Amino acid sequence: MPRIDSDIKLDFKDVLVRPKRSTLKSRSEVELQDKVNLTRNYTFRNSKKTYEGIPIMAANMDTVGNFEMAKALASHGLFSCIHKHYTVQDWVDFANNNPEALKHVAVSSGTSQKEADKVAEIIAAIPAIQFICLDVANGYSEVFVQTVKEFRRNFPEHTIFAGNVVTGEMVEELLLAGADIIKVGIGPGSVCTTRKKAGVGYPQLSAVIECADAAHGLNGHIISDGGCTCPGDVVKAFGAGSDFVMLGGMFSGHDQTEGEVIERNGKRMKLFYGMSSATAMNKHVGGVANYRASEGKTVEVPYKGDVNCTILDILGGLRSACTYVGASKLKELSRRTTFIRVTQQTNDIFGHS
């Protein structure tokens, strides 16, 4: 018999953060010059390595998780998961020209032996890379668990991201298999169609709350991957307990994304697509396999200019949220967050801005 879980599950759009009395005098107090406030320091469960930076990251999509974006984000202390389609020589060139950025990037892989071999070659050529992102659409398969175990055996001192999943028990299994940071999110992304094609998913706010609880019980960490449409959603992801927040659509359309600016009806646009879209599959593997459906879409997003302006907007929203709840640093935000359920986020009588 099918089972129905009748517990209410919530998305970012279903809540707001309740303000709390604060002794902070201004937003500037949250932005101290020594960067202690939005910077987090983590020690990872299995690799035992540490991370210091602002835990916002670009998704490993080939329009967003590229080297130009990585350079821009690293200059602010942010992270990038680099897409898996660069060659070893591309990586060597990037490393030679941007050695400081290597502290803020991960090399990506799926489950194939060919991809694993390429990761090994990249890391052998560039020992400074300390992060590996193991990324599949469905993190629930036994094949994926075995892949995590193999990577842990082969790279015992590297920090491993693994996902995507949305439930606590799978977070625990992947951590015990050797992952350090679990990517949480199935279907919330702006160019993901898994919920339409497969009917599978989980509201992102509830997924983050439940998965963070499971991960932190094992000294693991999570990434909220997908579903953020504005800086306020990034705040909610951190408030829900996520250790990192991964962005795709919010970083799309900028100068640092791959692809040319397109003129369309007098407006400038750039292409953005999911990695399970027909566009990505045609580009990288010669098309969509007969046994599966495309679970991503291709869209033209408005051209947004330099990503540095968007980065400052996101960080400004985080600092503002901290002042509203009385958190003097990002580390305190989740402890001071109370969500209230709402039926309306914003007053949109004059449209979206």
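## Cysteines

In this predicted model, Cys322 has a relative accessible area of 0% and is therefore buried. Cys192, by contrast, reaches 27% relative accessibility, and because buried means under 20% and exposed over 50%, Cys192 counts as partly exposed. When the whole structure is searched for disulfides, the number found is 0.

## The nonpolar core

The largest nonpolar core comprises 101 residues, and those with the most contacts inside this core are Ile56, Trp91, Phe161, Val234, Leu247 and Phe251. Helix α10, which spans residues 307-325, supplies the largest share of this core, amounting to 8 residues.

Phe161, listed among the residues with the most contacts inside the core, can be followed outward through its partners. Once its neighbours within four places in sequence are set aside, Phe161 is in contact with the aromatic residues Phe79 and Phe131, with Met57, Leu134 and Ala106, with the cysteines Cys81 and Cys133, and with Ile132, Ile181 and Ile223.

## Glu172 and its partners

Glu172 lies in helix α5, the segment covering residues 168-177. Its relative accessibility of 33% falls between the limits of 20% for buried and 50% for exposed, so Glu172 counts as partly exposed.

Apart from neighbours within four places in sequence, Glu172 is in contact with Ala214 and Leu218. For the pair Glu172 and Leu218, the separation along the sequence is 46 residues, while the C-alpha to C-alpha distance in space is 7.4 Å.

Note on methods: Residues are numbered from 1 along each chain as its sequence is written. This is a predicted model: local features need pLDDT of at least 70, side-chain atom pairs count only at pLDDT 80 or more; totals for chains, interfaces and linings use all residues. Side-chain values use heavy atoms; hydrogens and water are left out. A nonpolar core is a set of buried Ala, Val, Leu, Ile, Met, Phe, Trp, Tyr and Cys residues joined through side-chain atoms within 4.5 Å. Buried means under 20% relative accessible area, exposed over 50%, partly exposed in between (1.4 Å probe, protein chains only). Helices (H or I, at least four residues) and strands (E, at least two) are DSSP runs, numbered from the N terminus. Contact means heavy atoms within 4.5 Å. A disulfide is a pair of cysteine sulfur atoms within 2.5 Å.
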